[in-house]
Amino acid sequence: MVEKVNMEFLKLIQTRFADPITAIDLSKKYVCHGSAMGRIAFYDLQQKQELVLFDSQPELIRGISHSEAGNHIFISIGD
């Protein structure tokens, strides 16, 4: 007998057309992400709110991470 697994999709990140997410970091409290066109945003899982830190940078976001408390974000930009 095959056991069915229930899965739920949560839309946490708003993306823009032709601007894919290139970096993401998850914790129990936050989702931090960056995009190909330089958008850097921070999503609070408890308050269900997104804070856009930068909407457009001239460079691609290669890597992103954040402290567990959410008060520091570390970003790798460009090639």
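1. Arg-16 is a good place to start: Arg-16 is partly exposed, at 30% relative accessible area (buried means under 20%, exposed over 50%, and partly exposed in between, with a 1.4 Å probe and protein chains only). Its side chain meets that of Asp-19 in a salt bridge, 2.6 Å from N to O (a salt bridge is a side-chain nitrogen of Lys or Arg within 4 Å of a carboxyl oxygen of Asp or Glu). Asp-19 counts as buried, at 3% relative accessibility.

2. Before going further, a word on the model. This is a predicted model, in which local features need pLDDT of at least 70 and side-chain atom pairs count only at pLDDT 80 or more, while totals for chains, interfaces and linings use all residues. Residues are numbered from 1 along each chain as its sequence is written, and side-chain values use heavy atoms, with hydrogens and water left out.

3. Now look at Asp-55, which is partly exposed with a relative accessible area of 43%. Asp-55 also forms a salt bridge with Arg-16, at 3.0 Å from N to O. That pair links distant parts of the chain, 39 residues apart: Asp-55 lies in the loop between β4 and β5 (61–66), and Arg-16 in the segment before β1. Helices (H or I, at least four residues) and strands (E, at least two) are DSSP runs, numbered from the N terminus.

4. Asp-55 has another salt-bridge partner in Arg-39, with the closest N and O atoms 3.3 Å apart. Here, too, distant parts of the chain are linked: Arg-39 sits in the loop between β2 and β3, 16 residues from Asp-55. Arg-39 counts as buried, at 10% relative accessibility. The count of salt bridges comes to four, and a network of them links Arg-16, Asp-19, Arg-39, Glu-50 and Asp-55.

5. Some of these residues turn up again around a cavity. The search of the whole structure finds one cavity of 30 Å³ or more, and the largest holds about 40 Å³ of space. On a 1 Å grid over the protein atoms alone, a cavity is a set of points where a 1.4 Å probe fits but cannot get out, and lining residues have an atom within 4 Å of a point. Grid points are joined across faces, edges and corners, and the volume is the space filled by probe spheres set on the points. Its lining includes Arg-16, Asp-19, His-33 and Arg-39.

6. The strands form an open sheet of four, in the order β1-β2-β3-β4, with antiparallel pairing (two strands pair if DSSP finds at least two bridges between them). β1 and β4 (49–54) stand at the edges with a single partner strand each, so one side of each has no neighbour in the sheet.

7. What covers the two faces of β2? Tyr-30, Cys-32 and Gly-34 on one side, and Val-31, His-33 and Ser-35 on the other, are all buried. Six of the six residues of β2 (residues 30–35) are buried, so the strand is largely enclosed by the rest of the structure.

8. Cys-32 is a handy landmark for tracing the pairing. Asp-25 stands opposite Cys-32, and β1 (residues 21–26) pairs with β2 over five bridges. Cys-32 also stands opposite Phe-42 in β3. β2 and β3 form a hairpin with four residues between them, and Gly-38 in the turn has a positive phi of about 90°. Further along, five bridges join β3 to β4, where Tyr-43 stands opposite Glu-50.

Notes:
On a 1 Å grid over the protein atoms alone, a cavity is a set of points where a 1.4 Å probe fits but cannot get out, and a pocket is an open set with protein on both sides within 12 Å along at least five of seven lines; lining residues have an atom within 4 Å of a point.
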